[in-house]
Amino acid sequence: MNSIKRVVMVVVLGSASALIGCGSSNEESTGGTPGGGGSGGDGGGATVQLAVQVIAFEPGLDMNVPFEGAEVCLADTDNCDTSDAEGNIELEVPARSELELLVNAADFSPVLTPIATADEDLADLLAPIISEATLTLLAGALGTPYPPVGTGYLAVSAVVAPIADVANGIAGITMTPTEEAAVYYLDENEFPTYDISATTEPSGVGGLVEVAPGTWEIELGGTASNCVIVEGWPGSTATSARFPIREGYFTQGFVTCDPVP
């Protein structure tokens, strides 16, 4: 179990969707709002191209192993593509919208990647999938069932840019949902636990288990500073981000923040 590495390795090398000036605001807003396939934006019919590479992530293996044969769909549509031998797919998606990408492959957990589009194409986006065997171990460590029944999981990585660095997680960041939920963090051995109250190096990961379907808002505090939402949607405050949850899915979020002095 101690060999289990980061459960979240979602990497977007394109433009970030929003800036969070992480400070000490304690303003709350409603989380857990029932959601569907993401919010349509004000694109007015405009579209952008989305280029994604699906990778298989397992502890002890190269995180960038291309995965062939995964189905990637824009949620609640038939806009889908299947990853090729290099793991690549391309989709035309609405501009200026909050979207959910659903990634499915046999023997891997269904993954939800939240994306906020602007007016520019997004390229070099990596979508990792995690084996059911790995998630069974992780869930067992937290005393929660896998696969989840009527609920989903959320994991958010807070790292120093560039987020391709596998050991650049930030310690001391708190992730507080605006609705009651079980919060876990990965410890220094990258093992999930409820017994610590903030992120640690090297992963910078925190998250929620047994999360009701809907849209959940997370306040970033502690050492969080000048954070950028890379995988997720803008929150209702300057220090928050929103993440959609679907039954049976593992939602993966990513933010980059200033390093701690």
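1. A salt bridge is counted here when a side-chain nitrogen of Lys or Arg lies within 4 Å of a carboxyl oxygen of Asp or Glu. By that criterion there are 4 salt bridges. The model is a predicted one, and the points below take up three of the pairs before turning to a sheet.

2. Arginine 246 and aspartate 76 form a salt bridge, with 2.8 Å between the closest N and O atoms. Arginine 246 sits in the loop between E19 and strand E20 (250-256), and aspartate 76 in the loop between strand E5 (71-74) and strand E6 (80-82), so the contact ties together parts that are 170 residues apart in sequence. The partners also differ in burial class: arginine 246 is buried, at a relative accessible area of 17%, whereas aspartate 76 is exposed, at 56%.

3. Arginine 246 has a salt bridge with glutamate 100 as well, where the closest N and O atoms are 2.6 Å apart. Glutamate 100 belongs to strand E8, while arginine 246 is in the loop between E19 and E20, so this pair ties together parts 146 residues apart in sequence. Arginine 246 and glutamate 100 are both buried.

4. Taken together, Asp76, Glu100 and Arg246 are linked in a network of salt bridges. Arginine 246 takes part in the pair with aspartate 76 and in the pair with glutamate 100.

5. A further salt bridge joins the side chains of arginine 96 and aspartate 119, at 2.0 Å from N to O. This pair links distant parts of the chain, 23 residues apart: arginine 96 is in the loop between strand E7 (88-94) and strand E8 (98-104), and aspartate 119 is in the loop between strand E9 (111-116) and strand E10 (122-130). Arginine 96 is partly exposed, with a relative accessible area of 28%. Aspartate 119 is also partly exposed, at 49% relative accessibility; the class ends at 50%, over which a residue counts as exposed.

6. On the sheet: 4 strands form an open sheet in the order E12-E16-E19-E18, and their pairing is antiparallel. The edges are strand E12 (173-177) and strand E18 (233-234); each has a single partner strand, so one side of each is left without a neighbour in the sheet.

7. Within this sheet, strand E16 (residues 214-222) pairs with strand E19 (residues 240-245) in the antiparallel sense, over 6 bridges. Threonine 215 stands opposite proline 244 in E19. The loop between E19 and E20 holds arginine 246, the residue described in points 2 to 4.

Terms used:
Residues numbered from 1 in each chain as written. Predicted model: local features only at pLDDT ≥ 70, side-chain atom pairs only at ≥ 80, totals over all residues. Heavy atoms only, no water. Pairing = 2+ DSSP bridges. Buried < 20%, exposed > 50% of the residue type's maximum accessible area, 1.4 Å probe, protein only.
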